[in-house]
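Grab a pencil and have the viewer open. Try each task yourself before you read its solution.

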Amino acid sequence: MKFERKQPGGHKKLLSLQCDRCGNKFKAGSSEFEEFISIERNDTGEGSIFGHASSLQLDLCQYCLRDTLG
């Protein structure tokens, strides 16, 4: 999960990330923050188990990525 703040001009500043698996939260600039993996898919296909034209987001810390994918 991304925690952002809107900046002047409509830009967003990423403040921290929270792992969607373990729930640990890390602030921008920390070494753990730099190791997060974020995946976004904005338009799933017609046969998707998540539903047609769904949006998906996934944020994983390095430990959960290793534990999940090896």
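Below are five exercises, each with a worked solution.

This is a predicted model, where local features need pLDDT of at least 70, side-chain atom pairs count only at pLDDT 80 or more, and totals for chains, interfaces and linings use all residues. Residues are numbered from 1 along each chain as its sequence is written, and side-chain values use heavy atoms, with hydrogens and water left out.

**Exercise 1: the sheet**

Work out the order of the strands in the open sheet and find which ones stand at its edges.

Solution. Start with the terms: strands (E, at least two residues) and helices (H or I, at least four) are DSSP runs, numbered from the N terminus. Two strands pair if DSSP finds at least two bridges between them.

Step 1. Three strands make up the open sheet, in the order β1-β2-β3, and their pairing is antiparallel.

Step 2. β1 (2–6) and β3 each have a single partner strand, so they stand at the edges with one side left without a neighbour in the sheet.

Step 3. From one strand to the next, the twist averages 30°. For such angles, axes are lines fitted to C-alpha atoms (for helices over the stretch in contact), and the angles run from 0 to 180 degrees between N-to-C directions.

Step 4. Now count the bridges: five join β1 to β2, and β2 pairs with β3 over three.

Step 5. Look at the turns too. The β1–β2 hairpin has five residues between its strands, and glycine 9 in that turn has a positive phi of about 90°. The β2–β3 hairpin has six residues between its strands, with glycine 23 in the turn at a positive phi of about 85°.

**Exercise 2: serine 16**

Find the strand that holds serine 16, then decide why it counts as buried or exposed.

Solution. Step 1. Serine 16 belongs to strand β2.

Step 2. Serine 16 is the bridge partner of phenylalanine 3, and it also stands opposite lysine 27 in β3.

Step 3. Buried means under 20% relative accessible area, exposed means over 50%, and partly exposed is in between (1.4 Å probe, protein chains only). Serine 16 has 6% relative accessibility, so it counts as buried.

Step 4. Contact means heavy atoms within 4.5 Å. Setting aside neighbours within four places in sequence, serine 16 is in contact with residues including Met1, Phe26 and Phe33.

**Exercise 3: rings**

Search the whole structure for aromatic pairs and say how many there are.

Solution. Step 1. Rings of Phe, Tyr and Trp (its six-membered ring) pair if their centres lie within 6.5 Å; planes under 30 degrees apart count as stacked, over 60 as edge-to-face and the rest as tilted.

Step 2. The search finds one aromatic pair. The ring centres of phenylalanine 26 and phenylalanine 36 are 5.9 Å apart and the planes are at 65°, so this is an edge-to-face pair.

Step 3. Phenylalanine 26 is in strand β3 (residues 25–27) and phenylalanine 36 is in the loop between α1 (31–34) and β4 (37–41), so the pair ties together parts that are 10 residues apart in sequence. Both phenylalanine 26 and phenylalanine 36 are buried.

**Exercise 4: salt bridges**

Count the salt bridges and trace what arginine 21 and arginine 66 each pair with.

Solution. Step 1. A salt bridge is a side-chain nitrogen of Lys or Arg within 4 Å of a carboxyl oxygen of Asp or Glu. The whole structure has five.

Step 2. Arginine 21 bridges to aspartate 67, with the closest N and O atoms 3.9 Å apart. Arginine 21 lies in the loop between β2 (12–18) and β3, while aspartate 67 lies in helix α2 (residues 62–69), so this pair ties together parts that are 46 residues apart in sequence.

Step 3. Arginine 66 also meets aspartate 67 in a salt bridge, at 3.4 Å from N to O. Arginine 66 is partly exposed at 48%.

Step 4. Elsewhere, salt bridges that share partners join Lys2, Glu40 and Asp59 into one network.

**Exercise 5: leucine 60**

Place leucine 60 in its strand and list what it is in contact with.

Solution. Step 1. Leucine 60 is part of strand β5 (residues 56–60).

Step 2. Its relative accessibility is 8%, so leucine 60 counts as buried.

Step 3. Leaving out neighbours within four places in sequence, leucine 60 is in contact with Cys19, Arg21, Phe36, Ile37 and Leu65.
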